[in-house]
Structures are given as C-alpha cells and as structure tokens.
Amino acid sequence: GMDSDGTDPADYYDIGGYDQFGTVSTRWGTEEHLRLLIKKARQLSMHVICDLMITSCTDTANFETASRMFKRSQGVTFPSQTHPDKRFLSLKHPHIEQQIISYASFLTSLGLTGIRWLQCELLS
C-alpha cells in the first residue's frame with residue numbers, strides 16, 4: 001500500500017496484502033476486501049473487469065518489492081516527461097512482455113472476468 005491514486009504502482013502484485021510504504025491496505029482496502037468484492041459480484045452474476053494502464057509505474061527501478069514479483073531494473077523503464085516521480089515500462093523489452101503475461105494470469109486467478117489493457121497495442 002501507498003497513498004497513490006493507483007496510476008503509478010510500485011508493486012503490481014500488492015493489492016493490499018503486503019506491508020510496504022508504511023501500510024498494508026491500499027487506498028481502497030486490503031486484498032481480502034478485493035477478493036470479497038469479486039466473490040459477491042460473481043454471486044450476483046456480475047462481471048468484474050480490471051481497467052489497467054500497464055505502462056505507468058513509480059520511479060522504483062531498483063526497489064525490491066514485498067511481493068518479489070514483476071521485477072524491474074535499469075533499462076526496462078523510462079522517465080515521464082510530465083511527472084518526474086513516474087516512469088513508464090518499456091513494453092518492447094522481452095522481460096517486461098513476459099512479466100505482463102504472468103501478471104495477466106495473476107489477475108484472472110483473482111476471479112476477474114476480464115482485463116482492459118490500455119497501451120496493449122505497444123506490445124510486439
């Protein structure tokens with residue numbers, strides 16, 4: 001968790017289940033809250049879709065995430081020209097492409113019906 005609006009994740013796999021940046025819950029709750037929401041929606045025959053802007057991330061190229069997943073290193077991100085504290089993933093980097101595929105599997109394992117990916121056309 002971090003006081004973020006969600007458009008600049010430091011740890012893509014931290015959905016409110018890891019103690020980092022001084023808190024476990026995200027701005028919108030814990031992993032348990034999310035799982036309960038998805039379960040309840042599915043019980044009501046509703047679909048839950050993740051709306052994801054995958055390229056945005058915090059400036060954490062050398063940050064060791066609590067989840068130890070979706071590792072980023074120098075050369076896989078580039079700085080934002082308008083927001084100095086944000087970076088963008090280089091989607092043409094083979095390591096990042098594989099990480100995104102793994103991340104999609106993680107998201108669907110939560111019970112999501114689908115994923116809306118902004119910038120997916122940038123993948124090769």
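## Reading charged and aromatic pairs

User: I see that Glu 31 and Arg 35 both sit in helix H1 (residues 31-43), four residues apart, or about one turn of the helix. What does Glu 31 form with Arg 35?

Analyst: Keep in mind that we're looking at a predicted model. The general idea is that side chains of opposite charge can pair when their charged atoms come close. Here, Glu 31 makes a salt bridge with Arg 35, and their closest N and O atoms are 3.0 Å apart. The cut-off for calling a salt bridge is 4 Å, so that pair qualifies.

User: Is Glu 31 buried or exposed? And what about Arg 35, buried or exposed?

Analyst: In between, for both. Glu 31 is partly exposed, at a relative accessible area of 23%. Arg 35 is partly exposed too, with 36%.

User: How many salt bridges does the count come to?

Analyst: The count comes to two. Besides the Glu 31 and Arg 35 pair, the side chains of Arg 116 and Asp 51 meet in a salt bridge, 2.7 Å from N to O.

User: Where do Arg 116 and Asp 51 lie?

Analyst: In two strands. Arg 116 belongs to strand E5 (residues 114-118) and Asp 51 to strand E1 (residues 49-53), so this salt bridge ties together parts that are 65 residues apart in sequence. As for accessibility, Arg 116 counts as partly exposed at 44%. Asp 51 comes in at 51%, which counts as exposed because the cut-off is over 50%.

User: Now the rings. How many aromatic pairs does a search of the whole structure find?

Analyst: Three. One of them is Tyr 13 with Tyr 103, an edge-to-face pair with centres 5.2 Å apart and 75° between the planes. As a general habit, describe a ring pair by the distance of the centres and the angle of the planes. For edge-to-face, the angle has to be over 60 degrees, so 75° fits.

User: Where do Tyr 13 and Tyr 103 lie?

Analyst: Tyr 13 is in the segment before H1 and Tyr 103 is in helix H2 (residues 94-109), so the pair ties together parts that are 90 residues apart in sequence. Both Tyr 13 and Tyr 103 are buried.

User: What kind of aromatic pair do Tyr 103 and Phe 106 form?

Analyst: A stacked one, at 6.0 Å centre to centre with 25° between the planes. Tyr 103 and Phe 106 are three residues apart in helix H2, about one turn of the helix, and both are buried.

User: Which residues do ring pairs link into a cluster?

Analyst: Tyr 13, Tyr 103 and Phe 106.

Terms used
Residues numbered from 1 in each chain as written. Predicted model: local features only at pLDDT ≥ 70, side-chain atom pairs only at ≥ 80, totals over all residues. Heavy atoms only, no water. Buried < 20%, exposed > 50% of the residue type's maximum accessible area, 1.4 Å probe, protein only. Phe/Tyr/Trp six-rings, centres within 6.5 Å; stacked < 30°, edge-to-face > 60°.
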